[in-house]
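Colleague: I have not looked at this one before. Can you put it up and take me through it?
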Protein chains: 2
Amino acid sequence: MTESGLERLLPCASWLKRYDRNAAREDVLAAIIVTLMLIPQSLAYAMLAGLPPVTGLYASILPLLAYTLFGTSSALAVGPVAVVSLMTAAALEPLFPAGTPEYVAAALLLALLSGLVLVLMAALRLGFIANFLSRPVVSGFISASGILIALSQIRHILGIRGSGENAIETLLAVVRNLEATHLPTAVIGTASLLLLYLARTRLKGWLQRLGIGNGMAGNLSKTGPVVTLLLAVLAVTIFDLAAAGVAVVGAVPAGLPAPTLPAPDAELALTLLPAALLISLVGFVESVSVGQTLAAKRRERIEPNQELVGLGAANVAAAVSGGFPVTGGFARSVVNFDAGARTPMAGAFTAIGIGLTLALFTPLFRNLPQAVLAATIIVAVLSLVDLGALARTWRYSRPDALAMAATMLGVLLVGVEAGIVCGVVLSLFLFLKRTSEPHVAVVGQLPGSEHFRNVLRYQVVESPTVLSVRVDESLYFPNARYLEDKIAELVGSRTGVRHLVLMCPAVNLIDASALESLEAICERLHAAGIQFHLSEVKGPVMDQLRKSDFLERFGGLVFTSQYQALLALDPQTTLRAMEGTR
Amino acid sequence: MTESGLERLLPCASWLKRYDRNAAREDVLAAIIVTLMLIPQSLAYAMLAGLPPVTGLYASILPLLAYTLFGTSSALAVGPVAVVSLMTAAALEPLFPAGTPEYVAAALLLALLSGLVLVLMAALRLGFIANFLSRPVVSGFISASGILIALSQIRHILGIRGSGENAIETLLAVVRNLEATHLPTAVIGTASLLLLYLARTRLKGWLQRLGIGNGMAGNLSKTGPVVTLLLAVLAVTIFDLAAAGVAVVGAVPAGLPAPTLPAPDAELALTLLPAALLISLVGFVESVSVGQTLAAKRRERIEPNQELVGLGAANVAAAVSGGFPVTGGFARSVVNFDAGARTPMAGAFTAIGIGLTLALFTPLFRNLPQAVLAATIIVAVLSLVDLGALARTWRYSRPDALAMAATMLGVLLVGVEAGIVCGVVLSLFLFLKRTSEPHVAVVGQLPGSEHFRNVLRYQVVESPTVLSVRVDESLYFPNARYLEDKIAELVGSRTGVRHLVLMCPAVNLIDASALESLEAICERLHAAGIQFHLSEVKGPVMDQLRKSDFLERFGGLVFTSQYQALLALDPQTTLRAMEGTR
């Protein structure tokens with residue numbers, strides 16, 4: 001393998017050559033901040049995924065090392081994230097009771113499948129499939145997932161039962177069980193919520209007022225969640241709240257995860273494949289967006305196709321080390337970036353931090369109340385909810401807003417997978433509908449000029465024998481038949497027309513369907529005694545047309561400009577219009 | 001209801017007002033020709049659909065009257081057609097044994113569902129859904145269906161067993177059973193094939209050489225199939241071939257069909273719905289193409305949305321009169337047109353012809369050999385097979401050819417529904433892939449002019465501080481992220497750039513995803529110290545951008561031309577380039 005080939009497959013081979021003590025110092029600092037943020041989040045997202053909390057830590061070691069080897073973003077922080085954890089739970093809960101060995105094994109298989117899907121997409125260069133997820137669909141999906149997740153955690157905050165098949169059922173179940181609120185749990189839960197909220201919004205300011213520098217204050221404020229966690233553990237231990245009925249994490253096995261192998265169950269794999277596909281796509285889209293934004297701030301670039309390899313490797317790594325599906329997290333990546341991460345090595349250092357946590361601090365988690373983890377989740381996901389986006393999108397583009405609303409309703413009322421499928425199908429559908437009726441204008445000559453404009457908007461001169469039609473869209477199957485119909489309509493409403501010139505300055509493509517439509521249009525015009533011509537055809541489109549026999553058979557001419565077409569086909573009217581004043 | 005409203009819903013209200021004796025004479029003549037062609041075809045297509053042959057005649061009465069009331073094409077001949085009959089068999093055969101009462105009842109339900117789907121599409125103005133079926137997919141589907149149908153009929157020609165799950169199995173079964181060929185059947189079958197082939201290709205020429213006029217010779221040659229049928233009946237009757245083992249149609253109930261009501265079986269309806277949807281779409285696409293072509297020859301127009309109503313009504317009519325799914329047939333419509341049909345009344349007269357046949361001539365069909373019907377099918381469908389289309393499409397456009405090939409392989413190796421779904425999905429997929437990487441060019445000023453051209457193709461002047469980029473595609477979700485990446489790449493490879501101007505003359509749409517991409521691009525450029533501008537934005541696109549706050553927030557300018565942009569941002573270079581010679 002050539003050196004550049006090696007560097008393409010293993011981007012670390014490139015940056016490791018220039019890696020020095022300075023970079024290491026900055027990466028280590030960022031890793032410490034991210035580790036402190038990741039500990040509560042990874043435990044919480046494992047709980048959200050219906051898995052033992054310790055699997056969250058497992059999913060934060062080997063996957064991070066894998067991404068360090070294969071990834072291209074210097075700031076992306078890989079690991080468990082809220083939306084993917086929710087999707088994991090949605091995929092597995094219909095199959096097995098949460099937390100059972102079968103459930104845990106299926107999570108491994110799901111991670112393996114996601115990893116393989118991502119690597120396969122990289123190998124086949126299919127990263128563009130992520131384009132199927134339009135922004136409004138992704139935005140609606142994340143907002144609705146955030147709401148769904150937050151609702152699902154209320155019961156842990158209050159120490160009650162309260163879950164349902166969809167958002168409304170969950171909300172109703174919570175309301176119905178409200179009187180059963182477990183007071184000590186609720187105190188810990190709401191206090192944690194308050195502390196986490198203040199840490200996120202106010203702590204940095206307070207620290208600055210104490211005279212701490214901006215950067216340091218920002219970094220210190222990121223330790224808010226881990227401090228909240230420690231305070232809660234302390235409270236539970238001192239007051240023996242576990243005995244009082246506060247749900248805690250309980251015994252956590254110490255030490256690094258044993259190597260695991262997902263069960264080679266072909267039938268289960270087939271069942272999980274659609275979920276794995278959606279998890280891969282959503283995870284990839286999220287990762288790439290944040291990765292690109294952060295890279296641009298340093299005038300770096302990420303390589304989307306290599307990101308597929310990096311995220312794929314991370315998921316395969318999760319599958320063989322007791323984890324579950326992972327991806328690049330939005331908030332953690334921003335923190336990693338702000339804290340000064342210089343290379344993907346920061347991720348490897350974070351993995352070491354989590355490894356040390358597993359080796360040394362697991363006894364601490366025995367008395368960790370689940371309510372704190374729920375509060376961690378709620379504060380994290382509510383920052384993802386952006387309901388205003390729906391109104392903004394509605395003002396800008398109705399079809400996009402409809403796709404967004406359908407996604408949100410699907411997620412809230414049916415489920416995450418139904419929501420995203422619904423959004424993708426609707427956005428494709430509305431997109432095809434939109435391009436299926438392109439803007440087609442009859443144009444005429446602006447007096448005293450060589451320009452042709454829409455007869456409905458401008459005072460222009462129309463030739464009585466030459467019909468000039470401009471189409472403002474590429475010609476392809478979604479609109480091929482519309483063009484036929486539109487031209488039939490235009491010709492049908494006019495008499496005396498001898499020539500029709502189709503002006504194509506905005507036509508970037510003519511596919512095989514449109515070519516047949518052009519042939520049909522041409523044939524029908526001939527039958528009606530009208531000759532068909534083209535004008536202002538772009539170079540690449542012309543090149544493609546030459547590959548067919550259309551140009552020889554259609555009997556018309558291809559003019560470089562509409563003016564030249566009119567000059568050739570109806571010189572009298574055209575020259576008279578040129579003499580007119582503008 | 002206003003008069004025009006009535007005429008829109010019932011187009012016959014319009015043409016009946018002008019209907020006179022002349023039109024009636026021409027319509028009756030055309031109806032006679034079409035009836036003689038329809039009798040063998042309707043019996044044969046019913047057999048192909050796995051139904052008693054007489055249902056083909058039933059499907060050729062009420063549906064034709066319904067289309068006369070609601071349709072808009074003066075020449076479209078509605079009734080059983082080969083491809084839809086094949087799709088009917090494919091939908092029903094997995095559910096019930098062919099020919100059983102359950103099978104017949106399910107065919108009625110399928111017709112009803114198809115009718116309702118079509119009417120619903122009309123009510124919701126969803127006719128554009130037919131655009132999902134690109135031309136290459138439809139063409140591949142019809143060719144492959146033709147091959148599949150022809151293969152399935154060989155056993156009837158030879159009087160052997162020989163059917164399979166797919167085209168290859170069917171072919172192998174025929175080869176394996178070849179030695180069991182039933183000689184009398186094979187003689188009748190091959191003789192019929194020969195006669196039908198000669199009638200189709202030579203008869204008109206022979207008749208003309210006998211001194212018969214062109215029009216009359218054409219019409220007479222259309223009676224070839226019915227004459228072949230009569231000859232076969234005669235042969236079977238005279239030589240008592242039915243007793244010798246030649247499979248015949250057998251007793252056919254005389255008289256018009258009794259009114260039927262499809263079983264209101266919701267579960268079966270749900271099972272049949274996907275098939276009904278595909279049958280509706282394929283039938284609609286076929287009908288509209290032939291209808292538009294024939295209408296254009298007379299400078300008439302058909303109204304696609306009203307065609308949905310007409311075909312929907314025809315299928316509902318088939319469901320209540322013992323028929324099965326119908327649509328406008330290609331060959332019969334052309335014959336109807338050539339024979340001089342002036343209005344949809346020709347269809348009503350054809351219905352009367354079939355009604356008379358049912359009342360008077362059914363005893364004839366008792367001794368009608370199935371081999372003749374099989375020969376009728378083979379000769380009809382082989383004219384639909386166009387394998388050359390694959391090569392032509394491949395030369396013109398690889399993605400279109402791939403979609404076509406996938407459809408054909410799907411139909412031949414798996415089945416008709418799988419084939420069409422495969423083709424539609426692949427064509428959508430390749431379409432998105434194609435538009436996901438639009439042509440993006442860095443442009444520079446042509447010396448001595450205000451024009452900007454691709455720096456890779458022309459000798460142009462580039463400003464050292466202003467990067468001019470032209471994108472040749474609408475900006476929407478399939479390519480939104482690509483643009484971000486491409487611009488990051490262009491900016492990353494240059495130093496000293498202070499401004500980036502995106503030239504948008506070919507951008508017909510900027511959807512919400514692309515708007516967010518533009519915002520992201522803008523933000524990332526700002527972070528790198530570069531200001532983002534737009535130029536040559538089209539009116540409607542500008543109108544839509546004004547609905548967002550992008551124009552206020554992006555901090556750049558929107559120039560009417562790239563030249564003005566450069567004049568404002570780097571006057572020195574621009575004016576110096578203007579002084580240069582072209």
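Colleague: What share of the 582 residues in chain A is buried?

Modeller: Keep in mind that this is a predicted model. In chain A, 59% of the 582 residues are buried.

Colleague: And how many helices and strands are there in chain A?

Modeller: Chain A has 28 helices and 8 strands. Its C-alpha trace spans about 100 × 60 × 60 Å along the principal axes.

Colleague: How much area does chain A expose?

Modeller: About 23700 Å², with carbon and sulfur atoms supplying 63% of that.

Colleague: Now the interface. How many residues does each chain put into the contact?

Modeller: Chain B contributes 69 residues and chain A contributes 69 residues. The area buried between them is about 6300 Å², and 55% of it comes from carbon and sulfur atoms.

Colleague: Which three residues of chain B supply more of its buried area than any other three?

Modeller: B:R135, B:Y396 and B:R481, which supply 16% of the area that chain B buries against chain A.

Colleague: What does B:R135 form a salt bridge with?

Modeller: Its partner is A:E484, and the closest N and O atoms are 2.0 Å apart. The count between the two chains is 2 salt bridges. There are also 16 residue pairs in polar contact across the interface.

Colleague: Which helices of chain B each supply at least two residues to that side?

Modeller: Among them are α8 (135-158), α14 (266-297) and α23 (480-492). The residues on the side of chain B that touches chain A divide into 31 nonpolar, 16 polar and 22 charged.

Key: Residues are numbered from 1 along each chain as its sequence is written. Chains are lettered from A and ligands numbered from 1 in the order in which they are written. This is a predicted model: local features need pLDDT of at least 70, side-chain atom pairs count only at pLDDT 80 or more; totals for chains, interfaces and linings use all residues. Side-chain values use heavy atoms; hydrogens and water are left out. Contact means heavy atoms within 4.5 Å. Buried area is the accessible area (1.4 Å probe) that two parts lose on being put together, summed over both. A salt bridge is a side-chain nitrogen of Lys or Arg within 4 Å of a carboxyl oxygen of Asp or Glu. A polar contact is a pair of N or O atoms within 3.5 Å; within protein, one must be able to donate a hydrogen and the other to accept it, and residues adjacent in sequence count only if both atoms are side-chain atoms. Helices (H or I, at least four residues) and strands (E, at least two) are DSSP runs, numbered from the N terminus. Ala, Val, Leu, Ile, Met, Phe, Trp, Tyr, Cys and Pro count as nonpolar, Asp, Glu, Lys and Arg as charged, and the others, Gly among them, as polar. Buried means under 20% relative accessible area, exposed over 50%, partly exposed in between (1.4 Å probe, protein chains only). Accessible areas come from the Shrake-Rupley method with a 1.4 Å probe; for residues, only the protein chains shown count as cover.
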